[in-house]
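Reader: Got a minute to walk me through this one? I'd like to poke at the details and see what holds together.

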Amino acid sequence: MERLPVDLQYLPQDKQREKDPDIRKMLLEAVLLLTATKAGRQLVKEKGTYLVVRELHQWETEPDVLAACEKLIQVLIGDEPEAGMENLLEVKIPEDVEEQLQRLDREEERQQRQQEMQSEGPGAQMGSQGLSR
């Protein structure tokens with residue numbers, strides 16, 4: 001707890017998390033961008049960000065926000081990139097690897113949509129078909 005900024009150490013009991021999942025995701029992505037450089041990663045780690053994001057991950061139910069949490073956590077707990085790759089925004093990714101990563105992202109998004117449809121129940125899957133009858 002001592003690593004957290006003073007304002008976060010003494011939050012009142014009635015403090016609420018952001019209600020809008022899009023804003024929660026955007027904030028996580030902003031912190032992820034801060035971790036693109038070695039200096040940024042060190043600063044974000046020194047401020048105890050992992051502890052806050054870990055708690056958010058345990059509480060979060062939105063798949064997109066969970067995915068953003070997991071990406072940030074991976075950077076925070078992962079090993080430092082090798083020499084010459086300290087700035088993650090400048091790393092050159094081979095074309096075949098980039099295509100494979102994009103394909104995996106599309107597959108992950110498809111699976112998330114399927115899970116959302118299943119969690120909404122059988123009535124939601126009928127969609128416009130139920131209206132045409």
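Reader: Let's start with charges. How many salt bridges turn up in the whole structure?

Author: A search of the whole structure finds four salt bridges. Keep in mind that this is a predicted model.

Reader: Ok, pick one. What does glutamate 60 pair with?

Author: Its side chain meets that of arginine 24 in a salt bridge, 2.7 Å from N to O. Glutamate 60 sits in the loop between H4 and H5 while arginine 24 is in helix H2, so the pair ties together parts that are 36 residues apart in sequence.

Reader: And is glutamate 60 buried or exposed?

Author: Glutamate 60 is buried, because its relative accessible area is 5% and the cut-off for buried is under 20%. Arginine 24 is buried too, at 8%.

Reader: What else is arginine 24 in contact with, leaving aside its neighbours within four places in sequence?

Author: Besides Glu60, arginine 24 is in contact with Glu18, Lys19, Leu56, Trp59, Glu62 and Val65.

Reader: Which residue does lysine 25 meet in a salt bridge?

Author: Lysine 25 pairs with glutamate 29, at 3.8 Å from N to O. Both lie in helix H2, four residues apart, about one turn of the helix.

Reader: Why would that spacing suit a pair?

Author: An α-helix has 3.6 residues a turn, so residues three or four places apart point the same way. Side chains of opposite charge can pair when their charged atoms come close.

Reader: Fair. Are glutamate 29 and lysine 25 buried or partly exposed?

Author: Glutamate 29 counts as partly exposed at 37% relative accessibility, and lysine 25 is partly exposed at 27%.

Reader: Got another bridge for me? What does glutamate 55 pair with?

Author: Glutamate 55 forms a salt bridge with arginine 54, and their closest N and O atoms are 3.6 Å apart. Glutamate 55 is partly exposed at 36% relative accessibility, and arginine 54 is partly exposed at 32%.

Reader: Switching topic. What's the overall layout, how many helices and strands?

Author: The protein chain has seven helices and zero strands. Along the sequence the pattern reads α-α-α-α-α-α-α.

Reader: How much of the chain counts as buried?

Author: Of its 133 residues, 17% count as buried. The chain exposes about 10600 Å², with carbon and sulfur atoms supplying 52% of that.

Reader: And the contacts, what share comes from residues 24 or more positions apart?

Author: They account for 72% of the contacts with a separation of 6 or more.

Reader: Ok, down to single helices. Which residues of H4 are buried?

Author: In H4, residues 49-59, the buried ones are Thr49, Val53 and Leu56. Seen down the helix axis they fall within an arc of 60 degrees, so they line one face of H4.

Reader: What covers them?

Author: The cover includes helix H2 (21-34), helix H3 (38-46) and helix H5 (63-77).

Reader: And H3, which residues are buried there?

Author: Gly40, Arg41 and Val44 are the buried residues of H3. Their arc, seen down the axis of H3, is within 100 degrees, so they line one face of that helix. They pack against H2, H4 and H5.

Reader: Which exposed residues does the other face carry?

Author: Ala39 and Glu46 are the exposed residues on the face of H3 turned away from its buried side.

Reader: What happens with the backbone just after H3?

Author: Glycine 48 takes a positive phi there, of about 75 degrees.

Reader: What about the other end, where's threonine 35?

Author: Threonine 35 is in the loop between H2 and H3. It is buried, with a relative accessible area of 1%. A polar atom of its side chain lies 2.5 Å from the backbone oxygen of leucine 32.

Reader: Last one, the surface. Which residues form a nonpolar patch there?

Author: Ile93, Val97, Leu101 and Leu104 do, with about 310 Å² of accessible area together.

Reader: Where does leucine 104 lie?

Author: Leucine 104 is in helix H6, residues 95-120. It is partly exposed, with a relative accessible area of 41%.

Methods
Residues are numbered from 1 along each chain as its sequence is written. This is a predicted model: local features need pLDDT of at least 70, side-chain atom pairs count only at pLDDT 80 or more; totals for chains, interfaces and linings use all residues. Side-chain values use heavy atoms; hydrogens and water are left out. Patches are made of residues with over 30% relative accessible area and no salt bridge: like charges are joined within 9 Å, nonpolar side chains (Val, Leu, Ile, Met, Phe, Trp, Tyr) within 5 Å. Accessible areas come from the Shrake-Rupley method with a 1.4 Å probe; for residues, only the protein chains shown count as cover. Helices (H or I, at least four residues) and strands (E, at least two) are DSSP runs, numbered from the N terminus. Buried means under 20% relative accessible area, exposed over 50%, partly exposed in between (1.4 Å probe, protein chains only). The arc is that of the directions from the helix axis to the C-beta atoms. Contact means heavy atoms within 4.5 Å. A polar contact is a pair of N or O atoms within 3.5 Å; within protein, one must be able to donate a hydrogen and the other to accept it, and residues adjacent in sequence count only if both atoms are side-chain atoms.
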